[in-house]
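Work through the exercises below with the sequence and the model open. Try each task before reading its solution.

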Amino acid sequence: MDERETRSAADPKIVVALISGAVSIAVAFIARLNASDRTFFILLLVVLGALALLSAVLLGAVRRRLFGVFVTAAAIIGCIAFVNWQRLFPRAPELAYVPAGVTVLAGTGERAFLDGPAELCAFSAPESVAFVQDALCLTDGGRVRRLSGGTVETMDFPWNQYNALLVRGREADTYVLAQTRREEDGGGKYYNVFLRLRGDGAEVISDPLEVGAFSASVEDFTFSQGGVLWFLHTVDAPGAATATLEKLSYDRDTDSYGSREWVMDLPYGADVMRGARMVFDSDDNLYLSVPGKGLVLRLGRGEQDWRTFAGTEDAAAQNDTGGAAFAYPTSLAARDGYLYVMDNGILRRVTVQEDRAVKCETLAGVPPQTMEDPSVTTHEAGFGDTVPGDQMAFSSSDRAEIAVDPQGRVILTDPLNALVYQIQTEA
């Protein structure tokens with residue numbers, strides 16, 4: 001046997017040991033994946049195994065040079081597939097449903113501005129929602145509606161002057177982000193302003209923020225425990241899509257708000273922050289959804305940097321198992337150790353322990369891509385009916401919002417069907 005044949009010979013025991021080790025590692029890794037991921041990796045191993053077998057045949061039958069070519073090709077294919085497997089093969093939804101019931105809280109589904117008893121009232125397009133003491137306030141077609149004691153009424157709000165975009169509550173006051181148009185030299189310009197509704201009046205508490213130039217807008221606002229008003233400001237200018245966190249300081253002695261202050265630039269731009277929402281929990285930690293990336297970020301009290309709290313970047317999927325994955329998270333609500341997330345027609349709940357997301361569950365909603373599946377049972381709720389959460393099909397809308405009351409009831413608006421739902425867990 002010449003020197004080349006000696007170098008090319010391989011000890012069968014070493015080959016068997018290497019193959020056994022590789023199989024053991026692969027089996028242990030695959031066992032930790034969810035079903036759709038597991039299927040992909042098994043198929044990937046089969047393809048790579050077939051390439052390896054083909055290269056071995058070529059090694060013995062044709063030229064050894066081709067062996068190296070096919071091994072290299074297999075390695076390249078494997079690396080490309082491993083890096084891009086989530087995009088090439090999106091995860092099938094695997095949702096861990098918590099027993100919950102869905103009922104219509106208000107509205108007939110008819111599009112109109114009709115006050116009265118909850119079962120007879122009508123909405124145009126209920127969107128933003130917030131609890132103000134024992135009442136539920138909503139923005140609806142530019143107006144502000146109030147649900148209290150089973151009756152819906154339209155609040156005193158100068159809707160002929162302002163277009164109500166978002167509503168939030170702090171203590172006994174109702175706050176509104178509104179849009180207004182002002183006639184100036186060269187034509188009219190649009191501005192965002194913050195209003196505080198008290199009695200029969202609407203008090204302007206901020207300087208106007210021009211929103212007409214470069215598609216600027218205020219995506220959301222919320223309050224910290226000290227009464228400071230925090231808001232998310234995006235500007236989609238050519239070549240610079242920015243998103244910043246800003247605030248209006250609050251002076252309790254004079255019960256007034258200061259001028260606009262910059263706080264920080266956000267790690268993502270306006271192009272992925274459309275529809276983003278934010279909320280403080282009871283410990284003054286701030287959570288922020290990033291719809292375009294499928295993430296929920298967290299800025300802890302006293303911290304300077306955001307960190308990913310839940311979600312897998314660019315996963316574009318809805319999964320509770322194998323780690324939380326969101327398709328398009330928007331509205332957020334925090335209460336009693338839970339963070340509630342509205343995710344493309346699905347209501348999700350994340351358990352928070354020691355500043356970490358330890359579990360993700362689904363309360364209600366059917367993934368949009370499964371609605372046409374005949375094996376999936378779905379229902380639409382009528383007033384007075386209770387539908388199981390895992391059989392309730394909501395119309396997907398990034399304008400839908402959620403709010404949670406002290407009793408743990410989740411309120412969900414449905415602007416596409418002009419309804420307001422109540423979701424409550426059985427536990």
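A residue counts as buried when its relative accessible area is under 20%, and as exposed when that area is over 50%. Keep in mind that the model is predicted.

**Exercise 1. Find how many residues of strand β22 are buried.**

Step 1. Locate β22, which covers residues 346–353.

Step 2. Apply the cut-off to its eight residues: seven of them are buried, and the strand is mostly covered.

**Exercise 2. Decide whether Arg349 is buried or exposed, and list the residues that Arg349 touches.**

Step 1. Place the residue: Arg349 belongs to strand β22.

Step 2. Compare its area with the cut-off. Arg349 has a relative accessible area of 9%, and the limit for a buried residue is under 20%. Arg349 is therefore buried.

Step 3. Collect the contacts, leaving out residues up to four places away in sequence. Arg349 touches Val98, Tyr338, Leu339, Tyr340, Lys359, Cys360, Glu361, Leu363 and Thr425.

Step 4. Look across to strand β23, where Glu361 stands opposite Arg349. Glu361 is also one of the residues that Arg349 touches.

**Exercise 3. Describe how β22 pairs with β21 and with β23.**

Step 1. Take β21 and β22. Six bridges link them, and the pairing is antiparallel. One facing pair is Asp343 and Ile346, the latter in β22.

Step 2. Inspect the connection. Two residues separate β21 from β22 in a hairpin, and Asn344 in the turn has a positive phi of about 55 degrees.

Step 3. Take β22 and β23, the latter being residues 356–364. These strands run antiparallel and are joined by seven bridges.

Step 4. Inspect this connection too. β22 and β23 form a hairpin with two residues between them, and here Glu354 in the turn has a positive phi of about 50 degrees.

**Exercise 4. Give the strand order of the open sheet that contains β16, and name its edge strands.**

Step 1. Follow the pairing from strand to strand. The order is β16-β17-β18-β19, four strands with antiparallel pairing.

Step 2. Look for strands that pair on one side only: these edge strands are β16 and β19 (307–311).

Step 3. Consider the angle between neighbours. On average, neighbouring strands of this sheet are turned by 25 degrees against each other, direction ignored.

Step 4. Check one pair in detail. Strand β18, residues 295–299, is joined to β19 by four bridges, and Leu295 stands opposite Gly311 in β19.

**Exercise 5. Describe the largest pocket: its volume, its lining and the classes of its residues.**

Step 1. State the volume, which is about 1000 Å³.

Step 2. Find the centre. The lining has 42 residues, and those closest to the centre are Thr222, Val279, Phe280, Ala334 and Arg335.

Step 3. Name the elements. Those giving two or more residues to this lining include β12 (217–223), β16 (278–280) and β21 (338–343). The largest share, five residues, comes from β20.

Step 4. Sort the lining by class: 20 residues are nonpolar, nine are polar and 13 are charged.

**Exercise 6. Do the same for the second largest pocket.**

Step 1. Its volume is about 430 Å³.

Step 2. Of its 23 lining residues, Glu127, Leu165, Leu166, Glu219 and Arg277 are closest to the centre.

Step 3. At least two lining residues come from each of β3, β7, β8 (173–184) and β12.

Step 4. By class, the lining has eight nonpolar, eight polar and seven charged residues.

Notes:
Residues are numbered from 1 along each chain as its sequence is written. This is a predicted model: local features need pLDDT of at least 70, side-chain atom pairs count only at pLDDT 80 or more; totals for chains, interfaces and linings use all residues. Side-chain values use heavy atoms; hydrogens and water are left out. On a 1 Å grid over the protein atoms alone, a cavity is a set of points where a 1.4 Å probe fits but cannot get out, and a pocket is an open set with protein on both sides within 12 Å along at least five of seven lines; lining residues have an atom within 4 Å of a point. Grid points are joined across faces, edges and corners, and a volume is the space filled by probe spheres set on the points. Ala, Val, Leu, Ile, Met, Phe, Trp, Tyr, Cys and Pro count as nonpolar, Asp, Glu, Lys and Arg as charged, and the others, Gly among them, as polar. Buried means under 20% relative accessible area, exposed over 50%, partly exposed in between (1.4 Å probe, protein chains only). Two strands pair if DSSP finds at least two bridges between them. Contact means heavy atoms within 4.5 Å. Axes are lines fitted to C-alpha atoms, for helices over the stretch in contact, and angles run from 0 to 180 degrees between N-to-C directions.
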